[in-house]
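Please open the model in your viewer and keep the selection panel at hand. The stops below are meant to be taken in order, each beginning with something to select.

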Amino acid sequence: MKIAAYILIALVALLHFCFMILEMFLWDKPAGLRAFSNTSQRAKDTKLLAANQGLYNGFIAAGLTWGLLNANQASTFIVFFLICVIVAGIFGGITVSRRILTIQALPAMISLALFLCA
């Protein structure tokens with residue numbers, strides 16, 4: 001169960017690294033426009049906000065990665081960052097799109113449950 005938890009945590013970190021790339025570098029490009037169902041004008045108007053949001057997703061990815069690489073010493077670190085992902089996913093699901101609950105919050109919830117049970 002511990003290995004499954006670590007694999008899922010790594011996937012959550014990878015997802016947030018991908019969110020960072022999309023938000024910071026591809027926001028107004030075809031891939032970013034598609035991913036966020038955005039128009040070119042809206043993307044242009046919100047590009048700086050998205051880059052800031054992407055930076056935070058990068059911090060989440062870095063924190064989870066650091067926790068995995070130092071798992072014996074950093075279990076509270078992993079729990080903290082997974083809870084951050086869950087809260088952000090719930091907030092995004094309520095305020096932006098329910099899809100965020102499935103894409104962001106659910107994998108983190110499953111990862112946290114497996115990690116705490118391991």
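What follows is a tour of helix packing, a nonpolar core and a few single residues.

This is a predicted model, in which local features need pLDDT of at least 70 and side-chain atom pairs count only at pLDDT 80 or more, while totals for chains, interfaces and linings use all residues. Residues are numbered from 1 along each chain as its sequence is written, and side-chain values use heavy atoms, with hydrogens and water left out.

**Stop 1: the core**

Begin by selecting Ile9, Leu64, Leu82, Val85 and Phe115, the residues with the most contacts inside the largest nonpolar core, which has 15 residues. A nonpolar core is here a set of buried Ala, Val, Leu, Ile, Met, Phe, Trp, Tyr and Cys residues joined through side-chain atoms within 4.5 Å, where buried means under 20% relative accessible area, exposed over 50% and partly exposed in between (1.4 Å probe, protein chains only). At least two residues of this core are supplied by each of α1 (2-25), α3 (40-69), α4 (75-95) and α5 (99-117), and α4 gives the largest share, six residues. The helix labels are DSSP runs numbered from the N terminus (H or I, at least four residues).

Now centre the view on Leu82 and display its contacts, meaning heavy atoms within 4.5 Å. Which residues does Leu82 touch, not counting residues up to four places away in sequence? They are Ile9, Val12, Leu64, Ala108, Ser111 and Leu112.

**Stop 2: α1 against α3**

Select α1 and α3, whose axes come within 7 Å and cross at roughly 155 degrees; the axes are lines fitted to C-alpha atoms, for helices over the stretch in contact, and angles run from 0 to 180 degrees between N-to-C directions. That angle makes α1 roughly antiparallel to α3, the term for angles over 145 degrees. In this pair α1 passes α3 in a left-handed crossing, a description used if the near helix is turned anticlockwise from the far one by less than a right angle. On the α1 side of the contact, show Ile9, His16, Phe17 and Glu23, which are among the residues that meet a set in α3 including Gln53, Asn57, Leu64 and Leu68. The residues of this contact divide into 16 nonpolar, six polar and one charged, with Ala, Val, Leu, Ile, Met, Phe, Trp, Tyr, Cys and Pro counted as nonpolar, Asp, Glu, Lys and Arg as charged, and the others, Gly among them, as polar.

**Stop 3: α3 against α4**

Keep α3 and add α4: the two helices pack at an angle of about 150 degrees, with their axes 8 Å apart, and are therefore roughly antiparallel to each other. The crossing of α3 past α4 is left-handed. To see the contact, select Phe59, Ile60, Gly63, Leu64, Trp66, Gly67 and Leu68 in α3 together with Phe77, Ile78, Phe81, Leu82, Cys84 and Val85 in α4. These residues divide into 11 nonpolar, two polar and no charged.

**Stop 4: α4 against α5**

Next replace α3 with α5, which packs with α4 at an angle of about 155 degrees, the axes being 8 Å apart. The two helices are therefore roughly antiparallel to each other, and α4 passes α5 in a left-handed crossing. Residues to show in α4 include Ser75, Ile78, Leu82 and Gly93, and those they face as part of the contact in α5 include Gln104, Ala108, Ser111 and Phe115. Sorted by type, the residues of the contact of α4 with α5 comprise 16 nonpolar, six polar and no charged.

**Stop 5: Ser111 and Ile7**

Stay in helix α5 and select Ser111. Is Ser111 buried or exposed? Ser111 is buried, with a relative accessible area of 0%. Leaving out residues up to four places away in sequence, Ser111 touches Ala5, Leu8, Ile9, Val12 and Leu82. Add Ile7, which lies in helix α1 and counts as partly exposed at 49% relative accessibility; Ile7 and Ser111 are 104 residues apart in sequence and 8.5 Å apart in space, C-alpha to C-alpha.

**Stop 6: the loop between α2 and α3**

Finally, select Ser37 and Asn38. Ser37 is found in the loop between α2 and α3 and counts as exposed at 60% relative accessibility, and its phi is near 45 degrees, a positive value in a residue other than glycine. Most residues other than glycine have a negative phi. Asn38 lies in the loop between α2 (30-35) and α3 but is buried, with a relative accessible area of 12%. Leaving aside neighbours within four places in sequence, Asn38 is in contact with Trp27, Leu33, Ala43 and Thr46.

Terms used. Parallel < 35°, antiparallel > 145°, perpendicular 65-115°, else oblique.
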